[in-house]
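Q: Got a minute to go through this model with me? I'd like to talk about how the helices pack.
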Amino acid sequence: AVVLIGIVVLWERRPLSSLGFKPLTKTSFFTGLGLGGFFMAGIALWRYVVSPVFPDLGSAPDDGGAALPSHFFYWYAPIALVTASFCEEVIYRGYAMERLLKVTSRPWIAVVLSHVAFVLYHFKDGWSKVAMLSVLGLLFPLYYIKFRDLTMTIVAHAFIDLMAIVGHVAGVGPR
């Protein structure tokens with residue numbers, strides 16, 4: 001993400017706003033939390049309604065490794081929030097979608113191609129995650145294409161990741 005920001009600012013000589021960055025306001029912060037909350041509700045619906053109907057979409061197979069200690073997540077959380085929320089949003093929404101829009105002038109192509117890349121990146125997490133992100137994950141590129149506000153999608157993504165980490169540490173949710 002830092003390399004892409006450097007390319008945009010130093011090589012392309014474009015402002016950060018060309019990646020969709022906008023100032024963080026109360027409205028954008030709470031809208032991002034709302035988008036993240038809506039996504040979290042979708043995860044619960046997916047887990048308790050869709051997954052039982054399609055059991056073949058089970059979670060990733062257990063690698064047989066030992067569980068990580070809870071304190072791992074206390075120092076890991078800030079790193080995960082930065083790498084996942086900030087970097088993924090800059091790469092898949094801010095950079096990929098903006099460049100695809102510039103090249104094709106077709107929003108649906110930008111949405112589909114950047115979303116497919118995002119889902120394929122999460123393939124390492126198993127079929128269940130891929131299936132869920134294929135459906136629920138469309139909220140983010142569709143939201144971005146409508147409002148062009150990367151800051152709000154970063155807030156939403158950070159909220160989702162924070163809730164996953166808190167849930168893991170508290171012993172709630174998938175392990």
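Q: Is the crossing of α4 past α6 left-handed or right-handed?
A: This is a predicted model, and in it α4 passes α6 in a right-handed crossing.

Q: What's the angle between α4 and α6, and how far apart are their axes?
A: The angle is about 145 degrees, and the axes are 9 Å apart.

Q: Which residues make that contact?
A: On the α4 side you've got P107, V111, S114 and H115. From α6 come P141, L142 and I145.

Q: And how does the contact of α4 with α6 split by class?
A: It has 5 nonpolar and 2 polar residues, with no charged ones.

Q: OK, switching to α2. How does that helix sit against α6?
A: The axes of α2 (residues 26-53) and α6 (residues 139-147) come within 11 Å and cross at roughly 150 degrees. The cut-off for roughly antiparallel is over 145, so α2 is roughly antiparallel to α6.

Q: Which hand is that crossing, left or right?
A: α2 passes α6 in a right-handed crossing.

Q: Who's touching whom there?
A: T31, L35, F38 and F39 of α2 meet L139, F140 and Y143 of α6. By class, that contact of α2 with α6 has 6 nonpolar residues, 1 polar and no charged.

Q: Let's zoom in on L35. What is it in contact with, leaving aside neighbours within four places in sequence?
A: L35 is in contact with L139, F140, Y143 and A156.

Q: Now the cores. How many residues are in the largest nonpolar one, and which have the most contacts inside it?
A: The largest nonpolar core has 16 residues. L35 turns up again here, since the ones with the most contacts inside that core are L35, F39, M132, L133 and F140.

Q: Which helices supply at least two residues of this core?
A: α2, α4, α5, α6 and α7 (150-170) each do. α5 gives the most, with 5 residues.

Q: Is there a second core? What does it include?
A: There's a second, separate core of 14 residues, and I5, M97, L101 and L150 are among them.

Q: Back to α5, then. Which of its residues are buried?
A: In α5 (residues 127-136), the buried ones are S128, V130, A131, M132, L133 and L136.

Q: And what covers those buried residues of α5?
A: The cover includes α2, α4 (107-121) and α6.

Note on methods: Residues are numbered from 1 along each chain as its sequence is written. This is a predicted model: local features need pLDDT of at least 70, side-chain atom pairs count only at pLDDT 80 or more; totals for chains, interfaces and linings use all residues. Side-chain values use heavy atoms; hydrogens and water are left out. Axes are lines fitted to C-alpha atoms, for helices over the stretch in contact, and angles run from 0 to 180 degrees between N-to-C directions. Helices (H or I, at least four residues) and strands (E, at least two) are DSSP runs, numbered from the N terminus. Angles under 35 degrees count as roughly parallel, over 145 as roughly antiparallel, 65 to 115 as roughly perpendicular and the rest as oblique. A crossing is left-handed if the near helix is turned anticlockwise from the far one by less than a right angle, and right-handed if clockwise. Contact means heavy atoms within 4.5 Å. Ala, Val, Leu, Ile, Met, Phe, Trp, Tyr, Cys and Pro count as nonpolar, Asp, Glu, Lys and Arg as charged, and the others, Gly among them, as polar. Buried means under 20% relative accessible area, exposed over 50%, partly exposed in between (1.4 Å probe, protein chains only). A nonpolar core is a set of buried Ala, Val, Leu, Ile, Met, Phe, Trp, Tyr and Cys residues joined through side-chain atoms within 4.5 Å.
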